[in-house]
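Biologist: Could you take me through one part of this model up close? I'd like to hear how a single strand sits among its neighbours, and then what holds the surroundings together.

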Amino acid sequence: MVAVRFYTVVEMSLPCLCPCPSSSPISISSSSPRYHLRNTANRRLHSSRNCRTLRISCSSSSTVTNQTEQSSFNDAEMKLIDALIGIQGRGKSASPRQLNDVESAVKVLEGLEGIQNPTDSDLIEGRWRLMFTTRPGTASPIQRTFTGVDVFTVFQDVYLKTTNDPRVSNIVRFSDIIGELKVEAAASIKDGKRVLFRFDRAAFSLKFLPFKVPYPVPFRLLGDEAKGWLDTTYLSPSGNLRISRGNKGTTFVLQKETVPRQKLLATISKDKGVAEAIDEFLASNSNPVEDDYELLEGSWQMIWSSQMFTDSWIENAANGLMGRQIIDKDGRIKFEVNIIPAFRFSMKGKFIKSESSTYDLKMDDAAIIGGAFGYPVDITNKIELKILYTDEKMRISRGFDNIIFVHIREI
């Protein structure tokens with residue numbers, strides 16, 4: 001990507017992108033009215049769709065790829081795309097393990113033979129969506145503000161050969177209602193990989209204003225600080241994936257076409273139209289052949305449910321409406337919710353498979369835990385869990401009270 005510096009101090013780089021001793025327990029009966037979710041008006045708006053079971057094709061390893069993914073991305077590219085799943089803020093909140101996985105996948109692709117001389121290829125032309133960027137020490141407050149916010153969409157437009165005015169433009173779209181910020185740079189091709197650029201204009205296009213608002217950066221006065229370069233180190237043969245490295249040492253991963261799973265997670269991050277997006281995702285992967293999904297082991301963080309929270313966090317936790325699920329191979333399962341620092345709610349149980357893609361959960365060992373001590377909570381809960389979709393990174397299921405859940409597998 002490209003970098004811009006405020007005249008004196010601020011640089012901007014907009015991307016092209018426990019043991020529990022016995023004591024008197026708290027008792028909550030699963031048959032009591034208080035235990036059940038009370039806010040029925042806020043349950044699933046499309047309740048008739050909650051009971052629908054949609055199937056998708058699945059390999060024996062439970063890793064699912066649809067026809068679009070198979071035709072657009074090769075195996076090495078899918079490893080990079082998989083490594084991006086669950087990373088917040090396009091890399092801002094990535095763990096060391098996640099960063100290492102992305103870096104390893106990037107290096108593999110950079111060592112493969114993609115499009116030769118990508119700057120001469122028509123495949124580099126067009127709009128690219130920023131999926132990930134590293135955060136070097138030179139990253140500016142503007143870059144951290146914009147690229148680290150998932151509800152904003154960040155693009156890079158590249159037009160080098162199809163216009164008489166070659167340009168590289170960075171776009172931050174705040175929302176369809178608010179508008180966007182576009183920072184443009186005049187560009188030229190240096191060689192088969194490198195593009196030179198110089199920022200020369202920028203403006204906010206806001207939906208509620210009939211005119212553009214100039215971005216307050218004196219490009220003409222910045223001199224060499226308005227200049228930079230961008231290397232394309234990998235361009236996929238399909239033209240749907242690009243890896244670039246900028247003059248500030250930043251690595252960028254950009255896509256033209258996002259796989260269905262990425263589109264769904266992006267919708268969840270914006271928290272608008274999620275139920276419809278899930279239905280669309282499941283329908284696009286449907287298959288008349290009965291597939292049998294396994295409840296894969298690991299730690300699964302809940303990122304969305306179709307049920308709004310009640311006013312009792314313990315009910316939410318006991319029904320899997322918050323926190324994470326930890327699945328063991330030996331048929332054990334645990335719901336775990338962090339309450340406040342150093343305290344968490346834990347509810348353990350067992351699961352057995354009752355039919356295809358369906359599991360019966362019996363949760364009967366609950367406690368509020370602080371350090372090495374715990375206070376038991378008398379809760380018994382039985383839940384039928386239906387897996388609607390799963391792969392190694394994401395799971396969609398239907399659980400308590402026909403609530404739809406989306407979980408991401410933690411690394």
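**A strand and its surroundings**

Modeller: Let's begin with a pair away from that strand: Asp231 and Arg194 are both buried. Their side chains meet in a salt bridge, 2.7 Å from N to O. That pair links distant parts of the chain, since Asp231 sits in strand β10 (residues 227-235) and Arg194 in strand β8 (residues 194-206), 37 residues apart. Keep in mind that this is a predicted model.

Now the strand you asked for. I'd pick β5, residues 153-159: six of its seven residues are buried, so the rest of the structure largely encloses it. On one side, β5 pairs with strand β4 (residues 126-133) in the antiparallel sense, over four bridges. There, Phe155 in β5 has Arg129 opposite. β5 also pairs with strand β6 (residues 167-175), again antiparallel, over seven bridges. In that pairing Tyr159 is partnered by Arg167 of β6.

Zoom in on Thr153, which belongs to β5. Thr153 has a relative accessible area of 5%, so it counts as buried, the cut-off being under 20%. Its side chain makes a polar contact of 3.0 Å with the side chain of Lys270. Beyond its close sequence neighbours (those within four places), Thr153 is in contact with Arg90, Arg129, Ile171, Val172, Arg173 and Lys270.

Two of the residues named so far lead on to salt bridges. Arg173, one of the contacts of Thr153, meets Glu180 through their side chains at 3.8 Å, N to O. Arg173 is partly exposed at 26% relative accessible area, whereas Glu180 counts as buried at 18%. Arg167, the partner of Tyr159, belongs to a salt-bridge network with Asp165, Glu184, Asp200 and Arg201.

Elsewhere, Lys353 and Asp292 form a salt bridge, with their closest N and O atoms 2.7 Å apart. Lys353 is in strand β16 (residues 343-355) and Asp292 in the loop between α8 (274-284) and β13 (298-305), so this pair ties together parts 61 residues apart in sequence. Lys353 is partly exposed at 33%, and so is Asp292 at 42%. Over the model, the salt bridges number 22.

For the wider setting, the protein chain has nine helices and 21 strands. Buried residues account for 51% of its 411 residues. On the surface, Trp313, Ile339, Ile340 and Phe343 form a nonpolar patch with about 350 Å² of accessible area together.

How values were computed: Residues are numbered from 1 along each chain as its sequence is written. This is a predicted model: local features need pLDDT of at least 70, side-chain atom pairs count only at pLDDT 80 or more; totals for chains, interfaces and linings use all residues. Side-chain values use heavy atoms; hydrogens and water are left out. Buried means under 20% relative accessible area, exposed over 50%, partly exposed in between (1.4 Å probe, protein chains only). Helices (H or I, at least four residues) and strands (E, at least two) are DSSP runs, numbered from the N terminus. Two strands pair if DSSP finds at least two bridges between them. A polar contact is a pair of N or O atoms within 3.5 Å; within protein, one must be able to donate a hydrogen and the other to accept it, and residues adjacent in sequence count only if both atoms are side-chain atoms. Contact means heavy atoms within 4.5 Å. Patches are made of residues with over 30% relative accessible area and no salt bridge: like charges are joined within 9 Å, nonpolar side chains (Val, Leu, Ile, Met, Phe, Trp, Tyr) within 5 Å. Accessible areas come from the Shrake-Rupley method with a 1.4 Å probe; for residues, only the protein chains shown count as cover. A salt bridge is a side-chain nitrogen of Lys or Arg within 4 Å of a carboxyl oxygen of Asp or Glu.
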